[in-house]
Amino acid sequence: MGLTWLLIPKSQKNPAKAQAIKTMVKWILTSGQQLNDDLNYTSIPSSVAARAIEAVESGVK
């Protein structure tokens with residue numbers, strides 16, 4: 001198993017872009033996880049996903 005990292009700048013000049021990033025990351029870590037079985041990927045544990053979502057929500061502005 002390996003991890004893929006997303007490097008997301010904390011500061012965005014465009015508020016709409018910041019919101020789009022948050023929406024994308026939340027989708028990847030929630031609804032997007034439903035695609036994993038078909039792609040033969042493992043699911044991200046919900047505790048890890050929750051921490052990542054919290055980090056993006058509080059860090060990207």
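With which side chain does the side chain of Gln33 make a polar contact? In this predicted model, the partner is the side chain of Asn36, at 2.8 Å. The chain holds 3 helices and 0 strands, and its elements, read from the N terminus on, follow the order α-α-α. The points below take up the chain as a whole, then the pairing of two of its helices, and finally two loop residues, Gln33 and Asn40.

**The chain as a whole**

- The C-alpha trace of the chain spans about 35 × 15 × 15 Å along its principal axes.
- Of the 61 residues in the chain, 23% are buried, while the area that the chain exposes comes to about 5000 Å², with carbon and sulfur atoms supplying 59% of it.
- Among the contacts in the chain with a separation of 6 or more, 51% are made by residues that lie 24 or more positions apart.

**Helix H1 against helix H3**

- The axes of H1 and of helix H3, which covers residues 46-59, come within 10 Å and cross at roughly 180°; because an angle over 145 degrees counts as roughly antiparallel, the two helices are described as roughly antiparallel to each other.
- On the H1 side, the residues that meet H3 are Lys22, Val25, Lys26 and Leu29, and on the H3 side their counterparts are Ala49, Ala52, Ile53, Val56 and Glu57.
- The residues of this contact of H1 with H3 divide into 6 nonpolar and 3 charged, with no polar ones.

**Gln33, in the loop between H1 and H2**

- Gln33 is found in the loop that runs between helix H1 (15-29) and helix H2 (36-39), and so the contact with Asn36 described above links a residue of this loop to a residue within the span given for H2.
- Gln33 has a relative accessible area of 14% and therefore counts as buried, since the cut-off for that class is under 20%.
- Besides the contact with Asn36, the side chain of Gln33 reaches the backbone nitrogen of Ile44, also at a distance of 2.8 Å.
- When residues up to four places away in sequence are not counted, Gln33 touches Trp27, Ile28, Ser43 and Ile44.

**Asn40, in the loop between H2 and H3**

- Asn40 is found in the loop between H2 and H3, and its phi is near 60°, a positive value in a residue other than glycine.
- Asn40 counts as exposed because its relative accessibility is 72%, and the cut-off for exposed is over 50%.

Definitions and conventions: Residues numbered from 1 in each chain as written. Predicted model: local features only at pLDDT ≥ 70, side-chain atom pairs only at ≥ 80, totals over all residues. Heavy atoms only, no water. Helix = DSSP H or I, 4+ residues; strand = E, 2+ residues; numbered from the N terminus. Buried < 20%, exposed > 50% of the residue type's maximum accessible area, 1.4 Å probe, protein only. Polar contact = N/O pair within 3.5 Å; in protein donor to acceptor, adjacent residues only side chain to side chain. Contact = heavy atoms within 4.5 Å. Axes fitted to C-alpha atoms, helices over the stretch in contact; angles between N-to-C directions. Parallel < 35°, antiparallel > 145°, perpendicular 65-115°, else oblique. Nonpolar A, V, L, I, M, F, W, Y, C, P; charged D, E, K, R; others polar. Areas by Shrake-Rupley, 256 points an atom, 1.4 Å probe, with all protein chains shown as cover.
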